Amino acid sequence: MANAEGTSGAGDFISDAIGHDIDGGVYKGRVQTRFPPEPNGYLHIGHAKAITVDFGTAEKFGGVCNVRLDDTNPVAENPEFVQSILDDIAWLGYEPAAVLHASGYFEQLYQWARYLIEQGLAYVDDQDNETISAQRGGYGRPGVESPFRDRSVEENLDLFTRMRAGEFPDGSRVLRAKIDMASDNMVLRDPVMYRIRHAEHHQTGMQWPIYPTYDWAHGQSDAIEGVTHSLCTLEFDTHRPLYDWYLNHLPLPTEKPRQIEFARLELTYTITSKRRLARLVRDGIVDGWDDPRMPTLRGLRRRGYPAKAVRDFCAYLGTTRTNARHNIEELESFVRRELNTTSRRRMVVTRPLHLVIDNWPTDENGSPVVEYFPLTNNPENPDEGTRLAAFTGDLFIEQEDFAETPPPKFFRLAPGREVRLRGAYLVTATGVVKDENGQVVEVHATYDPATRGGDAPDGRKVKSTMHWVSVPHAVDLDVALYDRLFTTPNPGESTGEPLDDLNPDSRELLSAKGEAAITDVEPGQVVQFERLGYFAADPDRPGLFHRTVGLRDEWAALQRKAAKGARAAKRA
RNA sequence: UGGGGUAUGGGGUAAUUGGCAGCCCUACGGAUUCUGGUUCCGUCAGUCCAGGUUCGAGUCCUGGUACCCCAGCCA
């Protein structure tokens, strides 16, 4: 079976192709890939897929993978993005064999362009953007050849030299490859190789007034670096003939790299358009690129997603050519799986309700007794030991854990009902105190001293074990709950504009109460708030926790179903 | 409109290249449990459509359909 180790992709089509190359002696058995981001923004979950494919493939065949910053368009790029990209790759757990820049090849590219001109395969076009665009033709309609298409080699060389010398203003001329204006493939209709931009480049400064386009730079950069398999996303498959055309017409010092395309990763309830993510930031809809609701790698990191969960998720999806929007629930299940085994447990009450134990004893001085109970840090890993939690007769419990008139299948605390306070005692609710609106503000209860530690000597069972925090020992916390950023699985499906489907209630801030041991959580660390979910301590603000993801919640599911049933009954 | 790409349960992904359609997630049952968590066991459900070749088709052939990408001096 292909999935013997539980990881998909052992036999994916890219590995098959590379396997054939190796068997056929192509590239002398060498495998080299690259991850080539443009430093014009922050990396997002979609890039994580590309990164795992690029690095993972190299790793699988004992090859190398470089990062190459595809910095051919200086007006969109800056060094801050370069740094963030490198940081995010490192966070994901990958180490590039080298960090390279397409801008490092500008001189070689320039010389190769002169070579193509000399071969009569490239020409300088004096027309403006709009004219060239109009002449390109349309689907099913051939383009029109530029009047400058048949300039002499000498004139082209002279003009190109002067373009490079900075003699012409932006947009006044371009260098084009002379291929076929009637090609069915629009990419082949005399593509632009160089455009004039008198702009400062973050790597090369003002050295160059002309910049290569993606198509002209990419394959050649691959060849220069010795890339064997240039893995990219599906939208570039119509570019492959051009990628090959350039490589075939150049005197390459190395074997020709091979481009292979795969499907990009998209997730439900979010977007990966850099432009629109930038708008969320600019319009203040989120706090920044690292807002825990953002699908950026920085956002996921702040949210508490473990890098391993992201990597495992990508590996699990496999590498295919089928476009798919994957359910974000699948990613979340990887996050839970990882966090369940790695995160410590803590008790935090997010919507506090007072629970007063009326028969709680006082000591010889008349003050209430304080008891300390050991609680397991991580039931999945007993080596992590226990911590002590203070217990008194004055407690916080979760509002949701008490019902004055319990609905069907409600197992938690209710008048006359006995439950366990985790690791401490069994308690029975005896009554409530309400405010002027009839809201329960305090629950009264009695405890059974014989159940110290949480077990009844007579063997009687309770249906629920609840978390609690001692009021005099409680630590104040800010907790941010997150919902999906968008209200629909496929944002923009109905209107064409994803931002129309923004969820206005994607964040809820709560003032919570935590046990004392909550203060030993490190910045950025993720812990499980027992019975609630996984929460990440904010890296910068002590006392602030972001909900990474909730626990699976059968009770909530039951309630949803009941509500749905009630609605259906109402309609009928 | 021309070209390119892709279709397997509700979602995703396999099938030794023509040989019993498997796995994961979800949903739904049940067991265990001091987290309505975890773990364990089980259940439902699929080859885009119509023809054809073949003892045998997810796989090959013919014809359709649906979705994605391409007319930037973005990548």
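1. The open sheet comes first. In this predicted model, seven strands line up in the order 21-18-19-20-14-17-22, with mixed pairing. Strand 21 (465-466) and strand 22 (469-470) are the edge strands, and each pairs on one side only. Strands of a sheet pair through backbone hydrogen bonds, either parallel or antiparallel.

2. Look next at one pairing inside this sheet. Strand 19 (residues 426-434) runs antiparallel to strand 20 (residues 440-447), and seven bridges join the two. Which residue of strand 20 is the bridge partner of Ala 429? The partner is Ala 445.

3. Now the catalytic annotation. An unreviewed UniProt entry places "domain: Glutamyl/glutaminyl-tRNA synthetase class Ib catalytic" at residues 31-340. In the model, this span is 40% helix and 15% strand. The C-alpha atoms at its two ends, residues 31 and 340, are 37 Å apart.

4. A second annotation also comes from UniProt, again from an unreviewed entry: "domain: tRNA synthetases class I (E and Q) anti-codon binding", covering residues 465-538. Here the model gives 0% helix and 39% strand. The end C-alpha atoms of residues 465-538 lie 29 Å apart.

5. One residue deserves a check: Arg 337. Arg 337 sits in helix 12, which spans residues 328-342. Is Arg 337 buried or exposed? Its relative accessible area is 53%, and exposed means over 50%, so Arg 337 counts as exposed.

6. Last, a distance. How many residues apart in sequence are Arg 337 and Leu 502? The separation is 165 residues. In space, their C-alpha atoms are 28 Å apart.

Notes: Residues numbered from 1 in each chain as written. Chains lettered and ligands numbered in written order. Predicted model: local features only at pLDDT ≥ 70, side-chain atom pairs only at ≥ 80, totals over all residues. Heavy atoms only, no water. UniProt positions renumbered as here; feature names shortened; annotations may be inferred. Helix = DSSP H or I, 4+ residues; strand = E, 2+ residues; numbered from the N terminus. Buried < 20%, exposed > 50% of the residue type's maximum accessible area, 1.4 Å probe, protein only. Pairing = 2+ DSSP bridges.
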